[in-house]
Amino acid sequence: MKHLLSPLDFSVQELDELLALASDIATNPTKYNHHCDGKKLATLFYEPSTRTRLSFEAAMLNLGGSVLGFSSADSSSAAKGESVSDTIRVISCYADICAMRHPKEGAPMVASEKSRIPVINAGDGGHEHPTQTLTDLMTINELRGSLDNFTIGLCGDLKFGRTVHSLINSLIRYKNIKFVLISPKELRVPDYIREDVLEANGVEYKEVEKLEDVMPELDILYMTRVQKERFFSEDEYLRMKDFYILDKTKMELAKPDMYILHPLPRVNEISVEVDDDPRAAYFKQAQYGVYVRMALILTLLGLN
Ligand code: NCD
C-alpha cells in the first residue's frame with residue numbers, strides 16, 4: 001500500500017505518469033466519472049482549508065465516489081484528546097483512502113504507520129504539502145510544456161511556507177532549474193532546505209530581498225502568503241505581512257511569458273489588478289488541483 005507523505009514518495013517516472021493521467025482527465029473528464037464508484041474518501045482536516053479539502057472532495061465526487069470527514073479539530077474527537085493513530089485506525093474501517101491536514105509536522109506520517117488505507121498528507125504544519133506540489137508541477141508542465149529548463153522565483157514566506165519546501169524538494173529532480181529565493185531576511189528558507197536540499201545536490205540558487213531586482217530573469221514567479229498562523233508574535237507578522245505586493249508596475253519588469261503561480265489563499269501579496277494579466281495563472285492552478293487529485297486518488301487506489 002502506498003501513501004503520499006512527501007512529494008519524493010513518487011519517482012520522477014511515477015510523477016510523469018501521474019501528470020499524464022491528470023492531463024488526460026483535464027481533456028476527457030467524463031471518461032473517469034465512474035472509476036471510483038462505491039469508494040469513499042475521508043478528509044481529516046485539523047487545520048483550516050478551502051481549496052485543498054474541497055478540491056479533494058470534488059475530485060472524489062467527479063470519480064463517482066463519496067466523501068466523509070471533518071473540517072476542524074474542534075468538530076472531531078481530537079477535541080476530546082484522541083490521538084491521530086487511534087483516529088486513523090477507526091477511519092480505516094470507514095473509508096478506502098484519506099487526506100489529512102494537521103498543524104503538527106509529521107502527523108500524517110504517524111497516521112500512515114497505523115493505517116490500513118492510503119494516507120495523503122494534505123499539509124503538515126510548516127513542513128510539506130505534497131498535493132499542492134503535484135498541482136504546481138501540473139500547472140508548470142501545462143503552461144510551459146516541460147518541467148526542465150527554467151528559472152523560478154519563490155517569493156514571500158519561505159520559512160513557514162510548506163508549499164515552497166515541497167516544491168523545492170521536488171523541482172531539484174528536474175534538469176536545469178535555477179532557483180531565486182526572494183524573501184526578507186527573517187523569512188528565508190530553513191537551513192535544511194538551503195544546505196541539505198539545494199547545496200547538497202549542487203543546485204544553482206541565489207537569495208535576494210528585492211523582487212524588482214530579479215523580476216526580468218524569471219520564467220515562473222511563485223508568490224506566497226506570509227503564514228500568519230505560524231508566527232510567534234503578532235507584531236512580527238504585522239511587520240512582514242505587506243513586505244511584497246505584486247502590482248501592475250512590477251509586472252512591467254517581467255518577461256512577456258513569465259507565469260505567476262500562487263497556492264492561494266492570497267492576502268495582499270498580489271494586487272487584484274494583476275488578475276486580468278494573461279500571465280496570472282493562479283486560478284487556473286486551482287482548477288488543475290482537482291485533476292491532479294483525481295489522478296492521485298486513482299493511482300493510490302490502483303484504479304488508474
Ligand atoms: C497553502 C497551505 O495550506 O499551505 N494553501 C493551499 O493548500 N492551497 C498555502 C497557504 O495557506 O498559504
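This is a short talk on the ring pairs and the cavities in this structure.

One caution before we start: the model is predicted.

Rings first. How many aromatic pairs does a search of the whole structure find? The count is 5. Take Tyr46 and Phe70. Their rings form an edge-to-face pair, 5.2 Å centre to centre, with 85 degrees between the planes. The two residues come from distant parts of the chain, 24 residues apart. Tyr46 is in the loop between strand 1 (40-45) and helix 2 (51-62). Phe70 belongs to strand 2, residues 66-70. Are these two buried or exposed? Tyr46 has 9% relative accessibility, so it counts as buried. Phe70 is at 14%, and therefore buried too. The cut-off for buried is under 20%.

Next pair: Phe231 and Tyr237. Why is this one called edge-to-face? Because the planes sit at 70 degrees, with the ring centres 5.8 Å apart. The cut-off for edge-to-face is over 60 degrees. Both Phe231 and Tyr237 are buried. Add Phe160, and ring pairs link these three residues into a cluster.

One more ring, this time with a charge. The charged end of Arg293 sits over the ring of Phe56, 5.1 Å from the ring centre. Remember Arg293. We meet that residue again in a moment.

Now the cavities. The structure holds 2 of 30 Å³ or more. The largest has about 80 Å³ of space. Which residues are closest to its centre? Arg51, Gln132, Thr135, Ala286 and Arg293, out of 13 that line the cavity. So there is Arg293 again, in the lining of the largest cavity.

Where does that lining come from? Helix 2, helix 5 (130-144) and helix 11 (282-300) each supply at least two residues. Helix 11 gives the most, with 5. By domain, at least three lining residues come from domain 1 (7-128 + 289-300), and at least three from domain 2 (130-286). By type, the lining of the largest cavity has 4 nonpolar, 7 polar and 2 charged residues.

On to the second largest cavity. Here the space is about 40 Å³. Gly156, Asp157, Pro184, Leu187, Thr224, Val226, Lys241, Tyr244 and Glu269 line it. That lining splits into 4 nonpolar, 2 polar and 3 charged residues.

To recap, there are 5 aromatic pairs and 2 cavities of 30 Å³ or more. Arg293 appears twice: over the ring of Phe56, and among the residues closest to the centre of the largest cavity.

Terms used: Residues numbered from 1 in each chain as written. Predicted model: local features only at pLDDT ≥ 70, side-chain atom pairs only at ≥ 80, totals over all residues. Heavy atoms only, no water. Phe/Tyr/Trp six-rings, centres within 6.5 Å; stacked < 30°, edge-to-face > 60°. Helix = DSSP H or I, 4+ residues; strand = E, 2+ residues; numbered from the N terminus. Buried < 20%, exposed > 50% of the residue type's maximum accessible area, 1.4 Å probe, protein only. Lys NZ or Arg CZ within 6 Å of the ring centre and 35° of its normal. 1 Å grid on protein atoms, 1.4 Å probe; cavity = no way out; pocket = protein on both sides within 12 Å on 5 of 7 lines; lining within 4 Å. Points joined across faces, edges and corners; volume = space filled by probe spheres on them. Nonpolar A, V, L, I, M, F, W, Y, C, P; charged D, E, K, R; others polar. Domains from an automatic or database assignment.
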